[in-house]
Amino acid sequence: MTEQDAARRSADVDVKPHMTTSWLRSWQSMGMVVLRWRETSILAAGIALAAYFQYANGAFLSQANLQNLIQYSGTTAIIAGGEVLVLVCGEVDLSVGMVYALTPFVMYFAAAAGAPYYLAVFVGLGAAAVVGLINGLITTLLRVPSFVTTLGMLFAINGFTLTISGGFPVEPQAGEGFTSLFGGSAWSELGWAVVITLILQFFLKKTRWGLHTVATGGNLVGAAEVGISVRLIKIGNFILCGVLGGFGGIIDAFRIGSVDPLAGGSQIMFQAMAGAVIGGTLLTGGVGTVIGALIGSLVLGILTDGFTLLGVSAYTFDMILGAAILVTMAVNVRLTQMRGGDV
């Protein structure tokens with residue numbers, strides 16, 4: 001062996017361990033980056049569930065079934081986005097499901113009174129904003145816990161909706177194009193959900209209002225001491241949550257072609273909250289992700305749709321959903337600890 005060959009071999013021996021170490025460090029860095037995403041665990045769960053249901057039933061990823069999945073998840077994701085903002089600032093809104101039922105009726109009556117449907121939509125959303133404003137004022141000025149405030153508002157709105165509707169459903173009669181844009185098409189519903197999610201995520205993470213929302217939920221006293229108007233933050237987020245709940249109701253009204261006074265209610269509210277919590281938003285406030293709420297809502301849709309295709313009872317699904325919430329929250333807490341953050 002020549003001296004040159006010996007030198008090359010020695011260099012190869014030195015380089016290979018160095019290259020191996022570099023690759024390991026790169027993978028570890030990538031792993032840490034992925035770990036920092038609060039959406040990591042629920043995204044992985046969603047992919048695994050989709051793969052399982054497709055394996056169990058080949059129709060799961062068909063276009064028709066995907067449209068059913070989107071229609072189930074889109075509205076829930078929109079409402080969950082509003083719940084995220086309220087939860088992050090340390091409060092909760094139990095009335096948003098009833099706002100979902102009320103808003104389409106206000107829109108319908110405004111249109112029946114002669115307003116064009118685009119204007120009637122704004123009238124309905126204005127009513128939803130008023131409900132959110134009342135929730136925020138009672139919670140912040142009278143210092144009534146938001147759980148109690150919105151629970152009372154839940155029953156009040158339900159009674160009001162039944163009164164103005166007489167307990168009977170109505171059918172909105174907008175044009176075909178308008179109906180398709182506002183939820184008549186499954187893909188338009190997905191589009192609204194994605195656009196609203198991205199706007200709210202930017203709003204929460206990149207704007208002063210979002211940072212003040214996180215600070216209010218993370219440390220209320222500290223936020224107030226540094227000059228943040230915590231009352232304004234909470235009132236604003238209650239209003240935004242109410243508007244998004246009402247918008248979800250309008251979208252579903254056009255999708256279904258009917259407005260039912262008994263639609264939504266506590267069921268869709270709890271689904272939205274479950275989507276937010278599963279997606280990585282903590283009920284203790286200060287931490288949340290709207291993108292995670294969208295993924296969480298999709299996972300709920302995957303579970304519902306997948307088990308329906310497999311013929312699993314709805315009662316069994318509720319047990320699985322409860323277990324999924326507990327397991328996901330445990331994983332999120334563990335991931336938060338591994339990131340070095342506080343739960």
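The largest pocket in this predicted model has a lining of 28 residues, and those nearest its centre are Y72, Q267, I268, F270 and Q271. A pocket here is an open set of points on a 1 Å grid over the protein atoms alone, where a 1.4 Å probe fits, with protein on both sides within 12 Å along at least five of seven lines; lining residues have an atom within 4 Å of a point. Two or more lining residues come from each of α3 (63–88), α11 (230–256), α12 (265–278), α13 (290–309) and α14 (314–339). Helices are DSSP runs (H or I, at least four residues), numbered from the N terminus.

The second largest pocket is lined by E91, T139, T140, R143, L220, V230, R231 and K234. Here α5 (117–141) and α11 each give two or more residues.

| Pocket | Volume | Largest share of lining | Lining residues by class |
|---|---|---|---|
| Largest | About 630 Å³ | α12, seven residues | 16 nonpolar, nine polar, three charged |
| Second largest | About 150 Å³ | α11, three residues | two nonpolar, two polar, four charged |

A volume is the space filled by probe spheres set on the points, with grid points joined across faces, edges and corners. Ala, Val, Leu, Ile, Met, Phe, Trp, Tyr, Cys and Pro count as nonpolar, Asp, Glu, Lys and Arg as charged, and the others, Gly among them, as polar.

Residues are numbered from 1 along each chain as its sequence is written, and side-chain values use heavy atoms, without hydrogens and water. Local features need pLDDT of at least 70 and side-chain atom pairs count only at pLDDT 80 or more, while totals for chains, interfaces and linings use all residues.
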